[in-house]
Amino acid sequence: LNSERFNVGAMHSTSVNTSRLTVPSNQAGLYWVYGWTNFAANATGRRRLIIKKNGSVTINDETLGTVSAANVSGMQIGALLVLAAGDFVELYVQQTSGGNLNVGDTGTTDGDETELTAVRIW
């Protein structure tokens with residue numbers, strides 16, 4: 001995650017631990033965490049998104065088994081969870097095409113990003 005649309009509360013850094021959204025001090029609470037990406041067109045294998053808490057606890061895991069050789073495969077994932085100050089969440093992206101496969105910038109004109117968002121609800 002090398003850029004930001006916005007960063008309220010300094011949850012993300014573009015230079016240190018760039019894969020993480022970290023809960024700031026005094027901001028513990030209930031969060032909606034949401035991520036998405038696009039996979040380049042390729043009909044082989046599966047696509048997978050995972051949200052993890054603190055680098056090891058899988059919060060949600062989604063797999064896309066039917067993919068297209070002609071079209072970009074878009075995926076999204078979300079989770080509602082309680083986070084304490086210092087907890088962090090990450091979005092993991094996996095694929096089993098047998099070779100390198102671009103994510104994010106897939107040549108489409110809109111929605112090319114791989115993004116992770118965390119919104120404090122309570």
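A residue counts as buried when its relative accessible area is under 20%, as exposed when that area is over 50%, and as partly exposed in between. K53, with a relative accessible area of 21%, is therefore partly exposed. The structure discussed here is a predicted model.

## Overall architecture

The protein chain contains zero helices and seven strands, so that, read from the N terminus, its elements follow the order β-β-β-β-β-β-β. Along the principal axes, the C-alpha atoms occupy a box of roughly 45 × 25 × 25 Å. The radius of gyration is 15 Å, which agrees with the value near 14 Å for a compact globule of 122 residues. Of the contacts in the protein chain with a separation of 6 or more, 71% join residues that are 24 or more positions apart. Buried residues account for 33% of the 122 residues. The accessible surface of the protein chain is about 7000 Å², and carbon and sulfur atoms contribute 48% of it.

## Salt bridges

Side chains of opposite charge can pair when their charged atoms come close. The model has two salt bridges, which are set out below.

| Salt bridge | Closest N and O atoms |
|---|---|
| D61 with R48 | 2.4 Å |
| K53 with D87 | 3.8 Å |

The K53 and D87 pair links distant parts of the chain, with K53 in strand β3 and D87 in the loop between β5 (73-83) and β6 (88-95), 34 residues apart. D87 has a relative accessibility of 12% and therefore counts as buried, whereas its partner K53 is partly exposed at 21%.

For the other bridge, D61 and R48 have their closest N and O atoms 2.4 Å apart. D61 belongs to strand β4 (residues 57-64) and R48 to strand β3 (residues 47-53), so this pair ties together parts that are 13 residues apart in sequence. D61 is partly exposed, with a relative accessible area of 32%, and R48 is partly exposed as well, at 29%.

## The surroundings of T37

T37 lies in strand β2. Its relative accessible area is 1%, so T37 is buried. The side chain of T37 makes a polar contact of 2.5 Å with the side chain of T114. Beyond its neighbours within four places in sequence, T37 is in contact with L49, S73, G74, M75, V93, V103, G104, E113 and T114.

## A nonpolar surface patch around W32

Strand β2 (residues 29-39) also holds W32. W32 is partly exposed, because its relative accessibility is 36%. On the surface, W32 forms a nonpolar patch together with L80, V119, I121 and W122, and the accessible area of these residues together is about 590 Å².

I121, another member of the patch, is placed in the segment after β7 (115-120). With a relative accessibility of 47%, I121 counts as partly exposed.

When residues up to four places away in sequence are not counted, W32 touches G78, A79, L80, T117, A118, V119 and I121. Among these contacts, L80, V119 and I121 are also patch members. By contrast, the C-alpha atoms of W32 and G86, which are 54 residues apart in sequence, are 16 Å apart in space.

Conventions:
Residues are numbered from 1 along each chain as its sequence is written. This is a predicted model: local features need pLDDT of at least 70, side-chain atom pairs count only at pLDDT 80 or more; totals for chains, interfaces and linings use all residues. Side-chain values use heavy atoms; hydrogens and water are left out. Patches are made of residues with over 30% relative accessible area and no salt bridge: like charges are joined within 9 Å, nonpolar side chains (Val, Leu, Ile, Met, Phe, Trp, Tyr) within 5 Å. Accessible areas come from the Shrake-Rupley method with a 1.4 Å probe; for residues, only the protein chains shown count as cover. A salt bridge is a side-chain nitrogen of Lys or Arg within 4 Å of a carboxyl oxygen of Asp or Glu. Helices (H or I, at least four residues) and strands (E, at least two) are DSSP runs, numbered from the N terminus. Buried means under 20% relative accessible area, exposed over 50%, partly exposed in between (1.4 Å probe, protein chains only). The radius of gyration is taken over C-alpha atoms; the globule rule is 2.2 Å times the number of residues to the power 0.38. Contact means heavy atoms within 4.5 Å. A polar contact is a pair of N or O atoms within 3.5 Å; within protein, one must be able to donate a hydrogen and the other to accept it, and residues adjacent in sequence count only if both atoms are side-chain atoms.
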